[in-house]
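Colleague: I am new to reading protein models, and I would like to understand the words people use for them. Could you take me through this one?

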Amino acid sequence: TYYYFYNPFKSLEDEKLALDEYFLSRYLLKPIMITTVDQLLLTYLQTKEYFIKRFSLQDRILIIDEVHLLSPKMLYFLVGFLKEYTNLFKDIIFMSATFPNFLIEILGKELKIEKDNVMKLSEYYSKDRIRIELINRNFEDMCKKVEELIKAGYKKILIIFNTVIKA
């Protein structure tokens, strides 16, 4: 029945927007998509509707974050996938705050990544250029703190809230 999803407070326009968003997300059609390695790999197994996602991945920048956390099996599948389909992507970036050297060597050897293309930010930035501060304040105090930092000459400031409501 159709009554299971019925919401009397939503307009038809809201429902259409929600369906559009769902469709764009489901088939990786948004300009920026966040997905899991599993979903990326399933896209190329030719099952169900995953083949629809293939064309949307072409000429994209693929960013694989926290690659060191992948299980050996998942890393094996990912490397095999990338060996076969590297040419689809505009660029591929592996990221990790703690990228072990052995993993850099394995990925470099398997995917033919030259040493010149490996950048460790810990070597690039001096530690005094980055300031991390944990602040537990209300919104007004946070705005004042940001103003102080701007006046002090900070050009880039990243604020991360721990709840959606505060953000």
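Modeller: From the N terminus on, the elements run α-α-α-β-α-β-α-α-α. This is a predicted model, and its chain holds 7 helices and 2 strands.

Colleague: How much of the chain is buried?

Modeller: Buried residues account for 21% of the 167 residues.

Colleague: Let's take one residue, then. Why is Phe81 called buried?

Modeller: Happy to! Phe81 has a relative accessible area of 7%. Buried means under 20%, so Phe81, at 7%, earns the word.

Colleague: And why is Tyr85 called partly exposed?

Modeller: Its relative accessible area is 24%. Partly exposed covers what lies between the buried limit of 20% and the exposed limit of 50%, so Tyr85 at 24% belongs there.

Colleague: What makes Phe81 and Tyr85 an aromatic pair, and a tilted one?

Modeller: Two values settle that. Their ring centres are 5.2 Å apart, and rings pair if the centres lie within 6.5 Å, so the two count as a pair. The planes are 40 degrees apart; under 30 would be stacked and over 60 edge-to-face, so this pair is tilted.

Colleague: Where do Phe81 and Tyr85 lie in the chain?

Modeller: Both are in helix α4, residues 72-85, and sit 4 residues apart, about one turn of the helix. Together with Phe89 they form one aromatic cluster, and the count by this rule comes to 3 aromatic pairs.

Colleague: Which residues does Phe81 contact, leaving aside neighbours within four places in sequence?

Modeller: Those are Leu40, Leu41, Tyr44 and Phe89. Phe81 also belongs to the largest nonpolar core, which has 21 residues. Along with Ile64, Leu78, Leu82, Phe89 and Phe94, Phe81 touches the most other members. The elements giving two or more residues to this core are α2, β1, α4 and α5, and α4 gives the most, with 6 residues.

Colleague: Now to the surface. Which residues form the nonpolar patch there?

Modeller: Ile61, Ile63, Ile93 and Met95 do, with about 340 Å² of accessible area together. Strands β1 (61-65) and β2 (91-95) each give two or more residues to the patch.

Colleague: How do you know that Met95 in strand β2 is exposed enough for a patch?

Modeller: Patch residues need over 30% relative accessible area. Met95 has 37%, so Met95 passes that cut-off. Since 37% is not over the 50% needed for exposed, Met95 is still called partly exposed.

Definitions and conventions: Residues are numbered from 1 along each chain as its sequence is written. This is a predicted model: local features need pLDDT of at least 70, side-chain atom pairs count only at pLDDT 80 or more; totals for chains, interfaces and linings use all residues. Side-chain values use heavy atoms; hydrogens and water are left out. Patches are made of residues with over 30% relative accessible area and no salt bridge: like charges are joined within 9 Å, nonpolar side chains (Val, Leu, Ile, Met, Phe, Trp, Tyr) within 5 Å. Accessible areas come from the Shrake-Rupley method with a 1.4 Å probe; for residues, only the protein chains shown count as cover. A salt bridge is a side-chain nitrogen of Lys or Arg within 4 Å of a carboxyl oxygen of Asp or Glu. Buried means under 20% relative accessible area, exposed over 50%, partly exposed in between (1.4 Å probe, protein chains only). Rings of Phe, Tyr and Trp (its six-membered ring) pair if their centres lie within 6.5 Å; planes under 30 degrees apart count as stacked, over 60 as edge-to-face and the rest as tilted. A nonpolar core is a set of buried Ala, Val, Leu, Ile, Met, Phe, Trp, Tyr and Cys residues joined through side-chain atoms within 4.5 Å. Contact means heavy atoms within 4.5 Å.
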